[in-house]
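Subject: Structure handover

Hello,

Here is the structure I promised to pass on. My notes on it follow below.

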Amino acid sequence: MNIILLGPPGAGKGTQARILVEERGMVQLSTGDMLRDAKDSGTEMGNRVAEVMAKGELVTDEIVIGLIREKLESGGTGFIFDGFPRTLAQADALADLLAEVGQTLDHVIAMEVNDEELVSRITARSTCGECGEVYNDQTKPIPADGKCANCGASDFKRRADDNEESLKTRLMEYYKKTSPLLGYYHAKEQLRWVPGLGEIDFVAKGIADVLDS
């Protein structure tokens with residue numbers, strides 16, 4: 001089973017993807033992680049990525065699709081596309097790639113959020129500098145002993161752009177690019193909505209209900 005998780009910055013896509021990895025053995029394909037891994041891999045594709053990034057240029061859709069192809073062809077029990085596609089051109093490219101490798105896209109899950117609540121959530125979040133586990137001052141505070149519950153590290157960070165002004169700019173950019181994707185996948189009858197701002201287990205159940213339907 002292959003799925004796409006759509007949602008604005010801070011909606012919890014990464015958290016929900018990790019749950020699916022742990023509980024269903026799926027493979028998360030995060031564009032950022034793939035690019036970082038490729039850059040350090042020493043492969044031909046990795047060298048292309050490193051060269052582009054060293055020049056400060058944007059990685060092309062061709063390169064990203066190439067990285068996704070490598071992952072799909074390496075095998076797996078299902079993939080979660082996180083952060084890709086972002087545009088209609090990328091959606092078309094992904095559809096073509098899946099057809100080429102004999103796979104399908106089973107669900108596109110859009111995480112529905114309230115922008116005001118999202119801003120409140122994001123400006124209160126921090127992440128473990130070691131494993132990336134996300135914490136929130138209001139809903140999931142850092143443990144009292146000051147150590148990450150996931151890996152035991154004590155180095156926590158806040159993103160410089162996790163402030164109200166920056167987040168609103170990021171949200172506007174997300175909605176401008178994503179709105180066409182919602183229509184695209186709705187027309188293909190693949191789009192499903194789940195609430196994105198409830199408790200983690202509540203959101204996870206909503207996603208599980210879609211996957212098991």
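Pro85 sits in the loop between strand S3 (79–82) and helix H5 (88–100). The peptide bond from Phe84 to Pro85 is cis, and its omega is near 0°. Please keep in mind that this is a predicted model.

A second loop has a backbone detail to note. Glu189 is in the loop between helix H7 (164–187) and S8. Its phi is near 60°, a positive value in a residue other than glycine. Is Glu189 buried or exposed? Glu189 counts as exposed, at 66% relative accessibility.

Next, the strand that follows this loop. S8 covers residues 191–195 and runs parallel to S4, with 5 bridges joining the two. Within this pair, Ala110 of S4 has Trp193 in S8 as its bridge partner. S4 also pairs with strand S1 (residues 3–6). That pairing is parallel too, and 4 bridges make it up. Here Ile3 stands opposite His107 in S4.

Why can S4 be called largely enclosed by the rest of the structure? S4 spans residues 107–112, and 5 of its 6 residues are buried, so the rest of the structure largely encloses it. The cut-off for buried is under 20% relative accessible area.

There is also an open sheet of 3 strands. Its order is S6-S5-S7, and the pairing is antiparallel. Strand S6 (134–136) and strand S7 (156–157) are the edge strands, each pairing on one side only. Strand S5 (residues 125–128) is joined to S7 by 2 bridges, and the two run antiparallel. In this pair, Thr127 stands opposite Lys157 in S7. As background, strands of a sheet pair through backbone hydrogen bonds, either parallel or antiparallel.

Now a helix residue. Arg69 lies in helix H4 (residues 61–73). Its relative accessible area is 27%, so Arg69 is partly exposed; that class lies between the buried limit of 20% and the exposed limit of 50%. Which residues does Arg69 touch, not counting those up to four places away in sequence? The answer is Leu97, Glu100 and Val101. Arg69 can also be placed relative to Leu94: the two are 25 residues apart in sequence, and their C-alpha atoms are 9.3 Å apart in space.

Finally, the chain as a whole. The protein chain has 8 helices and 8 strands. Its C-alpha atoms fill a box of roughly 50 × 40 × 35 Å along the principal axes. How does the radius of gyration compare with that of a compact globule? With 213 residues, such a globule would have a value near 17 Å; the protein chain has 18 Å, which agrees.

Of the 213 residues, 40% count as buried. Take the contacts with a separation of 6 or more: residues 24 or more positions apart account for 68% of them. The exposed area of the protein chain is about 11,600 Å², and carbon and sulfur atoms supply 49% of it.

On charges, the protein chain has 24 positive and 36 negative ones. The mean positions of the two sets are 2 Å apart.

Best regards

Technical notes. Residues are numbered from 1 along each chain as its sequence is written. This is a predicted model: local features need pLDDT of at least 70, side-chain atom pairs count only at pLDDT 80 or more; totals for chains, interfaces and linings use all residues. Side-chain values use heavy atoms; hydrogens and water are left out. Buried means under 20% relative accessible area, exposed over 50%, partly exposed in between (1.4 Å probe, protein chains only). Two strands pair if DSSP finds at least two bridges between them. The radius of gyration is taken over C-alpha atoms; the globule rule is 2.2 Å times the number of residues to the power 0.38. Contact means heavy atoms within 4.5 Å. Accessible areas come from the Shrake-Rupley method with a 1.4 Å probe; for residues, only the protein chains shown count as cover. Lys and Arg count as positive and Asp and Glu as negative; His and the chain ends are not counted. The place of a charge is taken as NZ of Lys, CZ of Arg, CG of Asp or CD of Glu.
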